[in-house]
Amino acid sequence: MASIRPKITVILAYIIMGLTLSAIALVVLSIGTNHWIHTIQMRAGLWKLCHLQPIACFHSILCTPAALSLIGLFLIVIGLIVTIIFYIVEWNVSSSVRPISLISVFSLGFGTFFLVISFVTFSHIAAQFCYSYYLLIVAHLFSMTAAIVASYLEGRRNALVSASITIISLRMSGTHPLPIKELHSNSPAFDMPSKSFNKQNSALSTTILLRSDSSSSLNDSGQQLVNKRVVNSCLWSTVIFSINFVSSILVINLAKWIYVKHHFPNLTLTTINFFVTFLLLLGCMQAKLFTYVKLPIFNMIPVSICFGGFIAFSNLSLQYNTVGTYQLIKLQVTPTVMIISWLFFKAHYSLPIVISFIPVFIGTLISTYYDLQLNVFGLFCALISVMFTAFYQILMSASSSYAIGIDVGTGSVRCMIFDEKWTPVVQCQKPILTYHSASAPLEYEQSSTDIWQAICYCVRQCLELGSFTSEQVGLIRSIGFDATCSLVVLDEKYEPVSVSRSGNDEQNIIMWLDHRAHAEATIINSSADEVLQNFGGKISLEMQPGKLMWLKRNLSKEQWTRANHFFDLPDYLHFRATNQLDRSLCSSVCKLCYRSSETQHGWDENFWAKFDLDDLMKNNGEKLGQLVRKPFSKSNTDVLSKKAADELGLPEGIHIGTPLIDAYAGALGGLACKSPIVDAHLSERLIIVAGTSSCFMACSEKAVFVPGVWGPHYNVLIPNLWLSEGGQSAAGKSIDHVIQIHPAYNELKQLADEQNRNTFDVLNEILNNLQQKHKIDNVSLLSNDLHMTIDFHGNRSPLADPGLGATIAGLNFDTSLNNLAIQYLTVVQAVAYDSRHIIETMTKSGHHFRVVQICGGLARLGLLTQIIADVVQMPVYVSEPTNDCVLLGAAICGQLIADNERQVEDLLNNIACPIQVYMPDSKIADFHKDKYEIYRLLQQTEMDNRKRMSKYSQI
């Protein structure tokens, strides 16, 4: 039963809209014909009804044309009652949506009653022209409210909204929007940026169609924010459309009155309109209500001509035609646009959208029938106006575009489509295979074939879920890829080569988290080669040199000989899409030790020869990539190949941007968020891409060498800037681990399930209760006697010690939920203290930060964000829950072409995604300073203990 309720509700909403329009048309018709006797009989009929004389009542009112209007209005009320029953009583509507639905529904009911009373009471008013449009305003506003509420309760903008808003806009407004496509709201959530292991599905907001959470326990709180946005969007959509509608009617009638009564010159009035509009837009720009963007003047000349012609000839049509003729002919703009798009641009429109214009035309014809008057010059002006308006619409739609961002994470592929304003449109996700055996616990492998098939599925699914027409698909301008830094191996014919001991060629990717190359990484680091200076003195065993060395030492000679091409995964995706062997500086420099600076670019043959890998340097490093390009660079070969286009369901020739590593894409998307410090330069903003592990991304104008921090790397993200990357091997994973190993974890899970909440919300509530119970000023003070570090998976930065372990001090026999909450607080503080250690080390080496941003899954933990702000004593900001920085960064790198950091910064400032800012509390600074010193002491004690006991180690 639940599955068919949405369909029934849509049908009811259509009935309501149809009856409303019919009633409006018949009310206007009955008044316009000046049949006073009908009004008198209608009033008499209502009087008899009030005196319980139903037969006499129906006899009186059925003899009048206005009877159908009254019946229609009563049917509207009945339909609303049924809608209330379906949505409020029987269907489980979210409590956050229910109030706005009740208010809107009852507003429509009272508005309908007011319309009837107005008709009966004030029908004797002589100014029937003004009165008919007064009725039209009231009825349209309330019917529009019903349509918007019904569609938002549905959870998506469906064809109902397309039809209703188009009807309203075309009937009286000066604008003529094309139908809004249906957008579905059920789409998976994302794979956490920094190599998250947790993937969850979530409902998407109607207005902003995505959510981003790091784990299942964050989904519910994020959904509450989404529901809140739905309510806000519903309310403001109603207000904005109402204002637009009323102002349009007033402008039309005021203009007609000026033309008829005062014979005001048409072009003069048009000029005044343009001038006033210019002044208002100038004021809005000064108030920063929108961003001023410079456009090529020659590209805008056709748009300006069409817009000017559309305004001028529309005003001439209004002057020389009646309002009814003006409206009826203006109504043909959208069908004209659809016909031109169908004939010349191969656009296709669904049958419901085409059919929706039939009642619009008929209703307008009925309501303005007695107002129609034709003259040759007026008709000519009206038709010319229609053509100018149609071409203006087409030019404006042609100026729009879409960008695709594709992210390949640890366990899934995600695809998101953005519009020209970088607003997310639709998202899709698909899991990918991971090969892992208990017999080889350090080895993790994947399949390049499986990943590409998942990408093809996601792109096609996005086009289907977004109801993209062929015309809209043609507006997709670019595709950007990001992926984990995994190693892909292909043969001479670009077929997979196994990296597994099993010899299965499907397993041709060594994943980023694979730790098989521990011994090889140790050998490379012991060489103290000059290349290692750009990696904080040591490369990680997760980087590719150690893995390449392992492959040559452990695979059969035949397998090694077959391996002819080695790609970092982002570069493989670019190759698969373009059939070009170019590599990116991002992957080559950061993971394959390619040398890049202001004066030096290329592979260091001496470095590879030291480790018996000089065969990789044959033919100018052909196996690793002969041509290595910086981000945002332009090449005529960066286009989607025919083979890839057919697989993806896209036209060939779409621009493919230089790819990025996933964390770097997250940093780029993070820089696209509005900074709370307006004048902060890119080099003064630290981006933390926080998930299962975390990456600390910092730009600099000069090379800054930081011990234990990867980099500085030149030109790998922002042109002409250096980038340093610190990291935490286990941030979110440490928080999960501490919670899940506690004896009270099962009790916590049960409590969260019973309350239909996530575990973090329950823990935060316990902490708040404890704070109130003990009457302390700050919740952090609850962990006064408990301390821990988060080196459960080693320390990536700044100690660069993969063997380091975690330490906990202050444990007791307490196994209660309260103790679990305090341990949760303590591990969150430990993540913040480790972050401070990385930031302090980078600052001492020459970086300067004024603000910190967190993006990724852990950005949804408000407690962590606030504690980091308190610990580092800097403002910390996060993007809104519905914004995905990684996919946004991938889409940006796919479209943007830039030669310097200023061009990139200008684009990022124009995007300016909204943020939430956490300000530091100076009153708690001393407490965190003392706990931070204890944190560092625990780390040092762990290192001293390992060093002392190492002489007994036999492992």
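Strand β6 pairs with strand β7 (residues 440–446) in the antiparallel sense, and two bridges join them. The model is a predicted one. Tyr435 lies opposite Glu445 of β7, and two residues separate β6 from β7 in a hairpin. On the other pairing of β7, two antiparallel bridges connect it to strand β10 (residues 509–510). Glu445 is placed opposite Ile510 of β10.

These strands belong to an open, antiparallel sheet of five strands, ordered β6-β7-β10-β9-β11. Its edges are β6 (435–437) and β11 (565–568); each has a single partner strand, so one side of each has no neighbour in the sheet.

**Salt bridges**

The whole structure contains 24 salt bridges. Three of them are listed here with their N to O distances.

| Acidic residue | Basic residue | N to O distance |
|---|---|---|
| Asp491 | Arg562 | 3.9 Å |
| Asp529 | Lys610 | 2.6 Å |
| Glu684 | Arg850 | 3.4 Å |

The side chains of Asp491 and Arg562 meet in a salt bridge. This pair links distant parts of the chain, with the two positions 71 residues apart: Asp491 is in the loop between β9 (487–490) and β10, and Arg562 is in helix α19 (residues 557–562). Asp491 has a relative accessible area of 13% and is buried, while Arg562, at 28%, is partly exposed.

Lys610 and Asp529 also meet through their side chains. They are 81 residues apart, Lys610 in the loop between α22 (605–609) and α23 (618–621), and Asp529 in the loop between α17 (518–526) and α18 (544–554). Lys610 is partly exposed at 48% relative accessible area; Asp529 is buried at 8%.

Glu684 and Arg850 form a further salt bridge. The two residues are 166 residues apart and both lie in loops, Glu684 between α25 (662–671) and β18 (685–690), Arg850 between α29 (817–845) and β24 (851–855). Glu684 is buried, with 16% relative accessibility, and Arg850 is partly exposed, with 28%. Elsewhere, Asp407, Arg414 and Asp884 are joined into one network by salt bridges that share partners.

**Helices α20 and α21**

Pro570 is located in helix α20 (residues 569–578). Its relative accessibility is 0%, so Pro570 counts as buried. The C-alpha atom of Pro570 is 6.4 Å from that of Phe481, although the two residues are 89 residues apart along the chain. Apart from neighbours within four places in sequence, Pro570 contacts Ala483, Thr484, Ser587, Pro659, Leu660 and Ile661.

Among these contacts, Ser587 is also one of the buried residues of α21. Eight of the eight residues of helix α21 (residues 585–592) are buried, so the helix is largely enclosed by the rest of the structure. The buried residues are Leu585, Cys586, Ser587, Ser588, Val589, Cys590, Lys591 and Leu592. Cys593 follows α21 and has a positive phi, near 60 degrees.

**Cysteines**

What is the number of disulfides in the structure? The structure holds zero. Cys586 is in no disulfide, and the nearest cysteine sulfur, that of Cys590, is 4.9 Å away. A disulfide requires the two sulfur atoms to be within 2.5 Å. Cys586 is buried at 0% relative accessibility. Cys381 is likewise buried, with a relative accessible area of 0%.

**A nonpolar patch**

Ile272, Phe275, Val276, Phe278, Leu279, Leu280 and Leu282 make a nonpolar surface patch of about 650 Å². One of these residues, Leu282, is in helix α9 (residues 266–286). Leu282 is partly exposed, at 35% relative accessibility.

**The protein as a whole**

The protein has 33 helices and 26 strands. Of its 955 residues, 58% count as buried. The accessible surface comes to about 40,900 Å², and carbon and sulfur atoms account for 61% of that area. Among contacts between residues at least 6 apart in sequence, 75% join residues at least 24 apart.

Conventions: Residues numbered from 1 in each chain as written. Predicted model: local features only at pLDDT ≥ 70, side-chain atom pairs only at ≥ 80, totals over all residues. Heavy atoms only, no water. Buried < 20%, exposed > 50% of the residue type's maximum accessible area, 1.4 Å probe, protein only. Patch = residues over 30% accessible without salt bridge, like charges linked within 9 Å, V, L, I, M, F, W, Y side chains within 5 Å. Areas by Shrake-Rupley, 256 points an atom, 1.4 Å probe, with all protein chains shown as cover. Salt bridge = Lys/Arg side-chain N within 4 Å of Asp/Glu carboxyl O. Helix = DSSP H or I, 4+ residues; strand = E, 2+ residues; numbered from the N terminus. Pairing = 2+ DSSP bridges. Contact = heavy atoms within 4.5 Å.
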